[in-house]
Amino acid sequence: MSTGTSEAGHSLAEVLISTALGGVILAGVFDLYTSSSNSILGQTNAVQMQTEAKAAMEFMVKELKLMNGPPTIGVNSDSITFLRVKDSGYSSAAPGSNTVSTLWDGSKAWTPNAYAPNTDGAFSVKIITGSGVGESHPLKANTTTTLTLADTDTWATIPDTSSLYFIYVNKTFMLSPGNRLEYQVEAGSPRLLATNINALTFTATGTDSYAVDITLVAQTGTKDPRTGKYSYYTLTQTARRRN
């Protein structure tokens with residue numbers, strides 16, 4: 001007695017149709033994956049570029065807020081040099097505390113020789129107001145409370161309690177070949193701040209000689225896979241001296 005069970009398999013036509021349909025579905029899934037991957041890659045590159053640009057801008061603004069005196073903007077407006085203040089205070093007045101080659105500030109607790117010359121160059125001290133105003137001299141050494149001038153330098157007017165001083169270094173921000181944003185301290189080697197900076201401009205702000213407008217244009221390191229083009233990001237900010 002027959003059970004009626006069919007032993008017939010799929011026809012060749014059915015197999016070919018199934019294979020074709022599977023191929024179409026897989027192709028669609030692959031295209032979706034590729035499109036999604038390109039989109040994520042493009043967005044990741046753009047976010048990384050914007051993050052680095054913002055960090056570079058914030059660093060420049062923070063440093064320029066601590067400048068003393070008007071900065072010097074380069075001929076092409078893509079560099080700026082300024083006196084970056086490291087510390088300040090008033091000279092103390094203990095008898096004999098200041099000499100022709102020293103300045104004493106009893107309120108300080110400096111690390112010994114923190115302001116001694118290094119591979120970048122020398123720190124300097126400048127009198128801003130009071131006795132000795134306008135004098136500026138490189139430093140040779142320091143103790144916890146005393147600054148010592150370089151061997152060839154002496155005060156024309158020995159500081160006293162009226163003498164407000166700044167300790168400073170020369171600092172430069174600049175756009176270097178290869179779209180590199182770098183900074184340099186004194187005569188030291190340039191240090192990398194950001195890559196892929198397409199343009200950098202420093203502009204004096206009106207009549208305020210202590211304010212600088214900064215415009216930075218960054219670009220992604222690689223082209224967006226979706227568009228075949230670089231992505232750009234422009235930042236503009238004003239840096240104004242704090243004091």
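1. Let's start with Gly121, which sits in the loop between β3 (102–104) and β4 (124–129); helices (H or I, at least four residues) and strands (E, at least two) are DSSP runs, numbered from the N terminus. Gly121 is partly exposed at 23% relative accessibility, where buried means under 20% relative accessible area, exposed over 50%, and partly exposed in between (1.4 Å probe, protein chains only). From Gly121 to Val185 the C-alpha to C-alpha distance is 7.7 Å, with their positions 64 residues apart in sequence.

2. A word on the basis: this is a predicted model, in which local features need pLDDT of at least 70 and side-chain atom pairs count only at pLDDT 80 or more, while totals for chains, interfaces and linings use all residues. Residues are numbered from 1 along each chain as its sequence is written, and side-chain values use heavy atoms, with hydrogens and water left out.

3. Next, the hairpin: β1 (67–73) and β2 (79–90) run antiparallel and are joined by four bridges; two strands pair if DSSP finds at least two bridges between them. Thr72 stands opposite Thr81 in β2. Five residues lie between the two strands, and Ser77 is in the turn.

4. Do have a look at the backbone of Ser77, whose phi is positive, near 65°, though Ser77 is not a glycine. Most residues other than glycine have a negative phi. Ser77 is partly exposed, with a relative accessible area of 24%.

5. Glu186 deserves a glance too: phi is about 50°, again positive in a residue that is not a glycine. Glu186 lies in the loop between β8 (180–185) and β9 (191–194) and is partly exposed, at 24% relative accessible area.
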